Amino acid sequence: MKLVFNNVDKNFGVISALKNISFTVNPGEFVFIVGPSGAGKSTLLKLILNQIKPTNGEILIDDINISLGTKSEIDKIRRKIGVIFQDYQLIMDKSVEENIALILDIVSFPKEKISSKIDEVINQVNLNNRRFLFPSQLSGGELQRASLARALAIEPEIILADEPTGNLDNENTWNLVKLLSDINKKNHTTVIMTTHNQEIVNSLDKRQIEIRDGEIKKDNQSSEVTVKKVVHHKKNDK
Amino acid sequence: MTNNPKTTWHHIRRSPIQSLTALILMTFSFMLVSLFVVVNSGLSKVLVYFETKPEITIFIKDGLAQGDIDNLQKDLANYQNVKEIKFISKDKALEIYKQQNKNNPMLTEMVTANILPASFEITVTDPQALEKIYQNYATKTEIVDEIIYQKDIITSLLDWTNIIRRSGLIITMVVFIISFFSVSTIIGMKITNRKEEVKISRLLGASKFYVKKPFLLEGIIYGVIGSFVGSVITLGFIYFIRNSINSFFQPVIFISNDLIFYTTVVASEILLGLIIGYFSSLIGVRRYIKF
């Protein structure tokens with residue numbers, strides 16, 4: 001799934017949340033969106049989900065301009081995106097496994113495979129002993145992992161993770177980052193993760209887009225990508 | 001776990017008071033509808049009974065030749081919608097008079113067959129025919145002594161039947177409108193309570209119809225259960241007390257004993273309940289799910 005931002009602005013009244021944002025995320029890329037609180041990271045993810053619409057510019061997902069797309073096109077795109085929301089967005093009167101089953105039902109996952117898929121993702125995030133509990137009975141870290149399990153269940157083409165480590169302890173933070181990195185490598189799933197934890201960003205050699213005051217300040221390709229580009233250019237030069 | 005009937009059942013269980021209110025309103029509406037259907041059916045029978053009774057009696061002049069009487073009978077038989085023509089001779093009239101006044105010997109002692117006129121009692125299938133017969137014979141004073149035409153009774157009965165039918169229809173409509181909008185509002189309240197769930201589902205890629213379906217199904221459930229319970233309660237109660245009601249309206253059988261009639265009423269009301277439940281929830285859903 002290819003994602004393109006072309007000169008995107010987002011204003012909330014007189015406040016300009018994002019200014020002239022342009023970047024492209026290719027299928028299979030792992031991108032960190034970094035920046036301080038209030039920089040516009042979450043706004044950027046909301047725009048990708050078409051939760052809010054850009055004031056100017058266009059956002060293309062697989063060449064579909066999502067702010068002009070039909071409801072049906074938007075629904076289809078959303079079904080390919082696994083989201084880990086900063087505030088979890090779990091349904092409060094459904095248990096962890098019911099929350100996961102809901103998204104599987106939404107994406108029309110084969111009914112006979114739903115149960116085994118739930119087992120698989122719950123084991124992946126190590127929530128086996130919490131699967132029948134409701135969100136109000138879980139800790140912050142467990143909620144974050146339940147949200148991750150739900151995102152992984154649909155085998156998405158893109159994972160959007162909005163500060164997913166914010167409520168996790170050190171061990172779970174690294175487990176989650178490793179899990180996302182493994183999924184990215186193994187399934188070529190595009191991962192876009194917002195964070196202000198520089199330690200995590202530095203630990204992985206991934207592309208970083210730094211946003212400050214609603215503007216892109218830096219867009220560092222990972223050395224892996226840079227090396228590939230250099231090799232590509234050298235080949236072309238010859 | 002997440003299919004729509006289970007989601008609907010989950011919604012019903014999570015707000016039992018609202019669900020019960022919707023169900024009671026629907027049940028009450030259909031109790032009234034059932035009552036209206038049964039009363040209407042009974043009234044129709046009463047009306048038909050009176051309409052087809054020998055409602056016009058032509059008293060003929062004394063001393064009329066048998067040939068003239070026969071001609072009169074043939075002439076009456078030529079009218080459309082005449083069901084039966086009964087000739088009451090002077091002797092028969094005396095017999096009827098004595099039977100009617102058997103408890104009052106003073107009234108019967110002085111009366112002989114000679115002072116009672118012979119008559120024709122005419123039964124029709126269409127009350128319009130009575131008016132025609134009356135108009136034609138009222139002027140034939142050479143053969144007709146008097147005509148007794150219970151026009152006023154039928155007109156008054158028709159008026160009352162129409163008033164009862166219209167009032168029943170209006171009351172039923174009003175109750176239906178109230179329950180329709182109440183169910184619609186209750187569904188709206190439920191959507192408001194579950195706004196977060198609807199919003200999250202939409203963000204996860206659920207189509208609008210996917211999030212609407214459980215609420216539409218909920219309205220249909222209220223309609224179907226309410227109509228079934230309401231009609232069974234009313235019809236069951238009426239069936240239970242039918243003998244008392246029927247003895248009051250004798251000889252008319254006001255409350256039918258026909259099981260096909262009851263089955264048809266229940267089935268029709270369930271269908272009506274389904275339609276009303278669907279449309280009332282549809283209005284609620286359209287008003288409250290806009291994202």
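**View 1. The largest cavity in this predicted model has a volume of about 130 Å³.** How many cavities of 30 Å³ or more turn up here? The count comes to one. Rolling a probe the size of a water molecule over the atoms is what shows where empty space is left. Look for 14 residues around the largest cavity; nearest its centre you'll find B:Thr7, B:Glu197, B:Ser201, B:Tyr210 and B:Pro214.

**View 2. Here are the helices around the largest cavity, with H9(B) giving the most to its lining.** Three helices of chain B each put at least two residues into that lining: H1 (4–14), H8 (195–203) and H9 (208–240). The share from H9(B) is four residues. As for chemistry, the lining is a mix, with six nonpolar residues, five polar ones and three charged ones.

**View 3. Chain A meets chain B, with about 2,000 Å² buried between them.** The size of an interface is often given as the accessible area lost when the parts come together. Of the area buried here, 59% sits on carbon and sulfur atoms. Three residues to pick out on the chain A side are A:Arg78, A:Asp93 and A:Ile106, which supply 26% of what chain A buries against chain B, more than any other three residues. In terms of contacts, 21 residues of chain A touch 19 residues of chain B.

**View 4. B:Arg202 and A:Asp75 form a salt bridge from chain to chain.** The closest N and O atoms of this pair are 3.1 Å apart. How many salt bridges does the rule find across the interface of chain A and chain B? It finds three. Polar contacts also cross between the chains, and six residue pairs make them, with both partners at pLDDT 80 or more.

**View 5. Turn to the side of chain A that touches chain B, where helices H2 (71–78) and H3 (96–106) of chain A each supply at least two residues.** Which element gives this side its largest share? That would be H3(A), with seven residues. Sorted by type, the residues on this side of chain A come out as nine nonpolar, two polar and 10 charged.

**View 6. A cis peptide bond links B:Gln250 to B:Pro251.** Its omega is near 5°. To find the spot, follow chain B to the loop between helix H10 (242–248) and helix H11 (259–288), where B:Pro251 has its place.

**View 7. A:Gln89 has a positive phi, though the residue is not a glycine.** The value is near 55°. Where along chain A does A:Gln89 lie? A:Gln89 is in the loop between strand S6 (81–84) and H3 of chain A. That same helix, H3(A), gives the largest share of the side of chain A that touches chain B.

Methods
Residues numbered from 1 in each chain as written. Chains lettered and ligands numbered in written order. Predicted model: local features only at pLDDT ≥ 70, side-chain atom pairs only at ≥ 80, totals over all residues. Heavy atoms only, no water. 1 Å grid on protein atoms, 1.4 Å probe; cavity = no way out; pocket = protein on both sides within 12 Å on 5 of 7 lines; lining within 4 Å. Points joined across faces, edges and corners; volume = space filled by probe spheres on them. Nonpolar A, V, L, I, M, F, W, Y, C, P; charged D, E, K, R; others polar. Contact = heavy atoms within 4.5 Å. Buried area = accessible area lost by both parts, 1.4 Å probe. Salt bridge = Lys/Arg side-chain N within 4 Å of Asp/Glu carboxyl O. Polar contact = N/O pair within 3.5 Å; in protein donor to acceptor, adjacent residues only side chain to side chain.
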